[in-house]
Amino acid sequence: MAPRAYWKGTLKLSLVSCPVVLYPATTTAEKTRFHMINRKTGNRLKQQMVDSETGDVVESDQKGRGYELRKGKYVEIEPEELEAVQIESNHTIDIESFVPSEEIDQRYLNHPYYIAPEGKAAADAFAVIRDAMKDQDRVALAKIVLTNREHIIAIEPLGKGLLGTTLRFPYELRDEDEFFDDIKSPKITKDMVDLAGHILHTKAAHFDPSKFKDEYETALKALVKRKASGKTIALPEREERPSNVVSLMDALKQSLKGRGGKKTAAKSHARRVTGRQRAAKKTQRSTARHRKAG
């Protein structure tokens, strides 16, 4: 059974338009979830809203929304007042511009969606927009209203369809200087950087998400299955972390030795680097001799 569309509307590029549907590109359906239960009865617990001062349970007709002006002081906002500022969706994704993909800061990427044509009549216009974007190798930026809020969405070709990713607004990002300003700039020797480079070389690979394994999720499923079958759960003993302090240079050298069969690749890489350095020095000496002889 095909998943239910999250949003339906029209994708527009100038005067070219076509009906499209959006589907969430991610899901948490397979993740193991737990509920709060009553240990005595085994029944699931229900949450209730309680007044933070009186401790009384608040009924639904007394619940409202308030914005905290200062500690403990709220201004109440009525539902109809919220509706007055909500942006009404025109169910249109109107492409405003195209930008190079490398210019999009990864921190702005938020939620991904699959965009597909709705109905056979939309196939031609959809293919034209998609293939034109492929040829230009650019990402479209457009506005879309989702759940009463306006979002900027970045759209790019993905297989036969399009991938739309909502973007965060600048005010949602923290300034990196708050976290990086106190980072020291120690003097690192070139040998250390070269050794780290060799380690990187031995770990070179291609991006392959099929190799990502959620070991914690696997362990959770095994735990639930074992507990449900009435088996006891043996609690592992906590391992003590080694307290020995290893120097940075020693750690780099040991990392290379610990790569086993890949040591040869690291040595080969090191030999190539060293060989280039020797060749460069030899050329410099030869040039110097010629200048002296002249």
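Tyrosine 6 offers a good way into this predicted model: the residue is partly exposed, with a relative accessible area of 39%. Its ring does not stand alone. A search of the whole structure turns up 3 aromatic pairs, and in one of them tyrosine 6 is stacked with tyrosine 113, the ring centres being 5.5 Å apart and the planes at 20° to each other. Tyrosine 6 belongs to the segment before strand 1 and tyrosine 113 to strand 6, so the pair ties together parts that lie 107 residues apart in sequence. Tyrosine 113 is buried, at a relative accessible area of 8%, because the cut-off for a buried residue is under 20%. The value of 39% for tyrosine 6 falls between that limit and the one for exposed residues, which is over 50%.

Another stacked pair is made by phenylalanine 169 and tyrosine 171, with 6.0 Å from centre to centre and 5° between the planes. Phenylalanine 169 is partly exposed, having a relative accessible area of 28%, whereas tyrosine 171 counts as exposed at 65%.

Turning to the chain as a whole, 7 helices and 9 strands are found. Of its 294 residues, 17% are buried. The chain exposes about 24800 Å², and carbon and sulfur atoms supply 52% of that area. Among contacts with a separation of 6 or more, 63% are between residues 24 or more positions apart.

The largest nonpolar core holds 21 residues, and the members that touch the most others are Leu11, Val20, Ile93 and Ile155. At least two residues of this core come from each of strand 1 (7–13), strand 2 (16–24), strand 5 (92–100), strand 6 (109–117), helix 2 (123–136), strand 7 (138–146) and strand 8 (149–158). A second core, separate from this one, has 6 residues, including Val99, Ile104, Leu141 and Leu167. Isoleucine 93 gives a closer look at the larger set. With residues up to four places away in sequence left out, isoleucine 93 touches Trp7, Thr10, Leu11, Lys12, Val20, Leu22, Ala142, Lys143, Ile144, Ile153 and Ile155. Leu11, Val20 and Ile155 thus appear among the contacts of isoleucine 93, and these three are also named with it as the members touching the most others in the core.

The pairing of the later strands can be followed along the chain. Strand 7 and strand 8 run antiparallel and are joined by 7 bridges; across from lysine 143 stands isoleucine 152 of strand 8. The hairpin of these two strands has 2 residues between them, and threonine 147 there takes a positive phi near 50°. Strand 8 in turn runs antiparallel to strand 9 (residues 161–167), again with 7 bridges. Here leucine 158 has glycine 161, in strand 9, as its bridge partner. This hairpin too has 2 residues between the strands, with glycine 159 at a positive phi near 60°.

Two residues of these strands touch each other. Histidine 151 lies in strand 8 and counts as buried at 19% relative accessibility, a value that sits just inside the limit of under 20%. Beyond residues up to four places away in sequence, its contacts are Ala142, Lys143, Ile144, Leu146, Thr166 and Phe169. Threonine 166 lies in strand 9 and is buried as well, at 3% relative accessibility. Under the same exclusion of residues up to four places away, threonine 166 touches Tyr108, Leu109, Asn110, His111, Tyr113, Leu146, His151, Ile152 and Ile153. These two contact lists also lead back to the stacked pairs: Phe169 is touched by histidine 151, and Tyr113 by threonine 166.

Further along the chain come the helices. Helix 5 (residues 215–228) has 14 residues, which at 1.5 Å a residue should span 20 Å; the C-alpha atoms at its ends are 20 Å apart, so the two values agree. Glycine 230 follows helix 5 and has a positive phi, near 90°. In helix 6 (residues 248–257) lies aspartate 250, which counts as partly exposed at 37% relative accessibility. Its C-alpha atom is separated by 9.8 Å from that of methionine 192, a residue 58 places away along the chain.

Conventions
Residues numbered from 1 in each chain as written. Predicted model: local features only at pLDDT ≥ 70, side-chain atom pairs only at ≥ 80, totals over all residues. Heavy atoms only, no water. Core = buried A, V, L, I, M, F, W, Y, C linked by side-chain atoms within 4.5 Å. Buried < 20%, exposed > 50% of the residue type's maximum accessible area, 1.4 Å probe, protein only. Helix = DSSP H or I, 4+ residues; strand = E, 2+ residues; numbered from the N terminus. Contact = heavy atoms within 4.5 Å. Phe/Tyr/Trp six-rings, centres within 6.5 Å; stacked < 30°, edge-to-face > 60°. Areas by Shrake-Rupley, 256 points an atom, 1.4 Å probe, with all protein chains shown as cover. Pairing = 2+ DSSP bridges. Expected span 1.5 Å × (residues − 1).
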